[in-house]
Amino acid sequence: MILASLYGILSIGLEITSVCLLGNIHPSLDHIYNFLCLHFIACLTAALTIPSVLPANYRGAHVTSFLFIFSVAFFIPLLGMLGLVFGLIPALWKQQQSEPLTDWLLSPERRLPTQTKNRTRETVSPGQLTGILQHAREGNKRLQALITTLSLETQHALPLLRIALKDTDDNVRLLAFSLLKRKENELSEAIRESMSHLNTDSANERFLHHKALATNIWELAHLETASGPALILCDRARTHAEAGLQLQQSDADLQFLLGRILLKGMNYDGARAAFRRANECGIDSRKVMPFLAEIAFHEQRFSDVGSYLEAMQFADGHLPLNHLAAYWNQGKHEPA
Amino acid sequence: MNLRDSDSDPDSETDITFLLEGTYPFVRGGVSGWVHDLIIGMPELTFSLVYLGAEKKPDEKLRYELPPNVHHLYCHYLMDLGPSATPKACAGDDAYFSKSAQLHEWFRSPQGELDETLFNSVVLQSGRKKGACTADFFYSEAAWSQITESYSDACPEIPFLSYFWAVRNTHGPLLKLAEIAQSLPPSRIFHSVSTGYAGLLGAMLQRRTRRPLVLTEHGIYTKERKIDLQSMFLQDRQGRFDEASESGMEHHEQLWLRLFEGIARLAYAAADPIISLYEPNRQRQICDGADPARTRIIPNGVDVERYAPLRVLRPQQIPKVLGLIGRIVPIKDVKTFIRTIHALTAYMPDAEGWLIGPEEENPEYVIECKELVYSLQLENNIKFMGFQRIEDVLPRLGLLALTSISEAFPLVIGESYASGLPVLTTDVGACRMLVEGSDEADRALGSGGSVLPISDPEAMARAAYALLSNPVRWTAAQQAGIQRVERYYRQAQTVASYREIYKAVGRK
């Protein structure tokens with residue numbers, strides 16, 4: 001700061017000296033030349049010095065500051081320099097002296113949410129919605145139940161939409177139809193998109209597209225209202241699942257999906273093998289057990305059904321499908 | 001755009017002016033056919049047509065040859081608000097917007113009929129210069145105040161832009177209708193074929209000219225719009241914990257619902273009589289605000305003499321062909337028809353399904369249907385025939401199949417009966433009544449086919465097989481259908497009913 005001040009004084013001194021050289025009534029060429037040289041040096045010194053004494057937030061743009069200060073000082077001899085030193089610098093510093101911080105004000109409660117809402121209404125379960133759709137007398141109640149299915153996962157919403165599709169009330173029926181159609185359109189669009197990218201050179205991308213196709217076509221099969229077309233779609237899904245697994249055999253999700261597809265097509269040996277591979281690749285065995293139990297049931301190996309279901313027990317002893325497991329583990333179950 | 005018959009005096013009063021929204025004479029379908037038949041059936045009366053569309057389409061053309069007793073055709077497009085003038089700042093008419101606020105309050109919670117002075121000043125815009133209301137609404141400070149106040153009161157949590165455009169798009173057509181109502185020439189009677197914008201125009205004309213308004217509803221316009229709006233606005237809410245409104249829609253989306261419900265009430269208040277095609281629809285009209293004393297039922301009728309000669313053209317053996325005669329649109333659930341054919345081919349490999357109807361209304365849906373045909377490998381069994389003369393196809397069909405998700409009173413069932421063709425239909429609208437009979441005497445005639453659940457292709461395939469493979473049963477259904485249509489659903493009865501109505505209201 002001291003150095004800057006000295007340079008500042010120097011530049012002012014040079015500026016005054018240069019102007020004095022023009023004091024003669026008839027200045028000579030030498031005078032003018034000397035004036036220009038001294039004036040130039042003074043402006044240069046000022047342009048290099050002044051930015052360093054400005055407040056911190058005005059020191060950033062070096063080039064712009066330099067050009068501005070130099071231009072003002074050079075093209076407005078003496079007055080420009082004096083204005084910069086005795087006008088601009090104090091003004092900028094004065095601005096920095098902020099008003100004393102006010103005390104914190106307690107503001108009124110804002111309209112924006114600042115807390116989580118208290119959920120006084122219980123979440124409605126798919127079972128409750130099924131009851132409403134099947135038994136409620138008022139069409140408006142059934143319509144409301146249908147709108148509530150928008151909060152559910154597709155796997156839970158779908159059976160409810162199918163029930164609503166057969167409702168006697170036009171409003172309910174038409175809304176269920178349009179919601180189902182929307183799901184179908186979304187899946188069909190995704191399938192078209194994946195199909196269009198299937199010819200990519202990248203093996204990894206091809207795998208991802210096959211996996212997406214298998215998944216979406218499998219979901220589309222669930223939307224089907226007739227068994228024939230559903231089986232055709234399952235077959236397409238199987239083709240894509242197998243194609244994907246040829247590119248990446250260790251994908252547990254895809255193995256698991258293949259198992260479900262083959263189970264739907266009653267290929268029990270294939271399904272069992274796919275579920276086992278899925279388990280080896282990392283799928284939790286408890287996720288696989290219900291399907292192995294189903295296969296055992298179809299193959300009439302009833303004694304195995306209970307053991308598969310019991311193997312689903314969690315570490316805390318909680319047993320999903322416990323009623324089912326209890327039934328199959330009580331006594332012998334023989335084929336009829 | 002106004003097309004006028006150059007030979008007739010544009011200021012001469014016609015007997016009946018039909019108010020038609022998105023239908024005759026530019027769109028083919030049941031309602032259009034009904035209007036056309038009614039006009040032909042009353043050659044002694046003169047008609048004008050006022051067609052209301054959204055926007056003029058480049059491929060728009062007349063789908064019907066206008067009968068000679070149609071003297072005028074006026075076409076108006078409600079989304080075409082005219083050349084946009086340079087916005088000019090203006091204060092606006094505070095008194096008008098104050099009344100407008102009262103009207104909006106009535107729309108929100110309607111109590112009784114709307115005050116007539118409110119209707120005249122706000123809806124009809126009586127006493128105001130042409131275009132003044134439009135300019136006020138779009139540019140004035142008073143309008144802006146009203147919009148911003150409503151927004152702050154009703155739904156400050158949604159984006160203002162969404163609310164603003166919902167308000168603008170709902171009100172624009174109404175302002176246009178007011179201008180149309182001021183410009184139409186006189187008519188002895190106005191006859192609207194729906195509520196909605198056509199019904200509101202009818203209410204405006206009834207108030208302005210004091211001429212009677214007759215209202216016939218084939219479907220229920222408000223219900224159909226509600227379904228359209230719900231399918232557009234309802235969003236999946238998985239994982240979201242906000243409390244959705246009961247309708248599942250945001251406030252500005254419900255503006256549309258309230259608009260259509262409100263203008264339906266205005267149409268019902270102005271119309272006498274209010275006609276529907278069958279009892280459940282009449283009940284629906286009463287629920288939506290129609291005065292029960294003004295409602296009546298006039299079922300659709302069929303020109304039996306036109307179709308009866310087709311009976312002798314039928315082949316000896318029943319053709320193994322199911323026909324779906326109608327527009328290829330989602331509400332007809334054409335995909336269930338295709339799946340039905342797929343299921344039927346398991347019992348009858350040579351069975352065919354013909355899709356007979358215009359395909360231009362929803363080209364994406366047509367593509368989906370064709371993709372489904374391809375994926376089910378039914379290219380040899382299913383034919384997309386496009387629009388055909390119904391007389392050419394009816395004798396070649398073995399059954400008419402109607403797989404619709406929703407219908408009112410499908411004329412095609414009557415036409416099939418008259419030509420000697422049994423039907424399979426879903427249990428929607430008046431279909432069960434048409435197939436099985438309405439009263440004891442009607443039911444005694446027997447069943448004209450089968451009624452099946454919606455979206456159940458396997459059930460429909462079984463019913464089709466049961467009829468096509470059993471000539472005795474098929475013939476019994478054929479005879480029941482012929483007797484039913486000849487006794488209860490002749491077009492002459494429908495035309496005579498409307499002639500009586502026109503005479504009665506014309507005298508008032």
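These legends go with a set of close-up views of a predicted model.

**View 1. Strand β3 of chain B, covered on both faces.** Residues 47-53 of chain B make up strand β3, and 7 of its 7 residues are buried. Look along β3(B) and you'll see B:Phe47, B:Leu49, B:Tyr51 and B:Gly53 pointing one way. B:Ser48, B:Val50 and B:Leu52 point the other way, and these are buried too.

**View 2. The neighbours of β3(B).** Strand β2 of chain B (residues 14-21) runs parallel to β3(B), and 6 bridges join the two. Here B:Leu19 stands opposite B:Val50 of β3(B). Strand β4 of chain B (residues 70-77) also pairs with β3(B) in the parallel sense, this time over 7 bridges. In that pairing, look for B:Ser48 opposite B:His72 of β4(B). Bring helix α1 of chain B (residues 30-41) into the frame and there's a right-handed β-α-β unit, made by β2(B), α1(B) and β3(B).

**View 3. Cysteines without partners.** Count the disulfides over all chains and you get 0. Take A:Cys37, which is in no disulfide: the nearest cysteine sulfur belongs to A:Cys43 and is 12 Å away. That pair is no disulfide because the two sulfur atoms would have to be within 2.5 Å. A:Cys37 is partly exposed, at a relative accessible area of 31%. A:Cys234, on the other hand, counts as buried, with 4% relative accessibility.

**View 4. A buried salt bridge in chain A.** Over all chains, the structure holds 38 salt bridges. One of them joins the side chains of A:Arg142 and A:Asp167, at 2.6 Å from N to O. The two residues are 25 apart and link distant parts of the chain: A:Arg142 sits in helix α6 of chain A (residues 139-148), while A:Asp167 is in the loop between α7 (154-165) and α8 (170-196) of chain A. Both A:Arg142 and A:Asp167 are buried.

**View 5. A helix-to-loop salt bridge in chain B.** The side chains of B:Glu486 and B:Arg311 meet here, 3.0 Å from N to O. B:Glu486 belongs to helix α19 of chain B (residues 471-488), and B:Arg311 to the loop between α11 (304-307) and β9 (321-325) of chain B, so this salt bridge ties together parts 175 residues apart in sequence. Both ends are partly exposed: B:Glu486 has a relative accessible area of 29%, and B:Arg311 has one of 23%.

**View 6. A strand-to-strand salt bridge in chain B.** B:Lys383 forms a salt bridge with B:Glu352, and their closest N and O atoms are 3.0 Å apart. These two are 31 residues apart and link distant parts of the chain, with B:Lys383 in strand β11 (residues 382-386) and B:Glu352 in strand β10 (residues 352-356), both of chain B. As for exposure, B:Lys383 counts as partly exposed, at 36% relative accessibility.

**View 7. A salt-bridge network in chain A.** Some salt bridges share partners, and here they join A:Asp269, A:Arg272, A:Glu299, A:Arg301 and A:Asp304 into one network.

**View 8. Helix α7 of chain A and what covers it.** How far apart are the end C-alpha atoms of α7(A)? They're 16 Å apart, which agrees with the 16 Å that its 12 residues should span at 1.5 Å a residue. Buried residues in α7(A) are A:Ala157, A:Leu158, A:Leu160, A:Leu161, A:Ala164 and A:Leu165. The elements covering them include α5 (126-135), α6, α8 and α9 (203-223) of chain A.

**View 9. Helix α15 of chain B, covered from end to end.** In this helix (residues 411-418), 8 of the 8 residues are buried. The run goes B:Leu411, B:Val412, B:Ile413, B:Gly414, B:Glu415, B:Ser416, B:Tyr417 and B:Ala418. Just after α15(B) comes B:Gly420, with a positive phi of about 90 degrees.

**View 10. Chain A as a whole, for context.** Its secondary structure comes to 15 helices and 0 strands. Chain A has 336 residues, and 38% of them are buried. Of the contacts in chain A between residues at least 6 apart in sequence, 52% join residues at least 24 apart.

Key. Residues are numbered from 1 along each chain as its sequence is written. Chains are lettered from A and ligands numbered from 1 in the order in which they are written. This is a predicted model: local features need pLDDT of at least 70, side-chain atom pairs count only at pLDDT 80 or more; totals for chains, interfaces and linings use all residues. Side-chain values use heavy atoms; hydrogens and water are left out. Buried means under 20% relative accessible area, exposed over 50%, partly exposed in between (1.4 Å probe, protein chains only). Helices (H or I, at least four residues) and strands (E, at least two) are DSSP runs, numbered from the N terminus. Two strands pair if DSSP finds at least two bridges between them. A crossover is right-handed if, with the strands pointing away from the viewer, the path from the first strand over the helix to the second runs clockwise. A salt bridge is a side-chain nitrogen of Lys or Arg within 4 Å of a carboxyl oxygen of Asp or Glu. The expected span of a helix is 1.5 Å times one less than its number of residues. Contact means heavy atoms within 4.5 Å.
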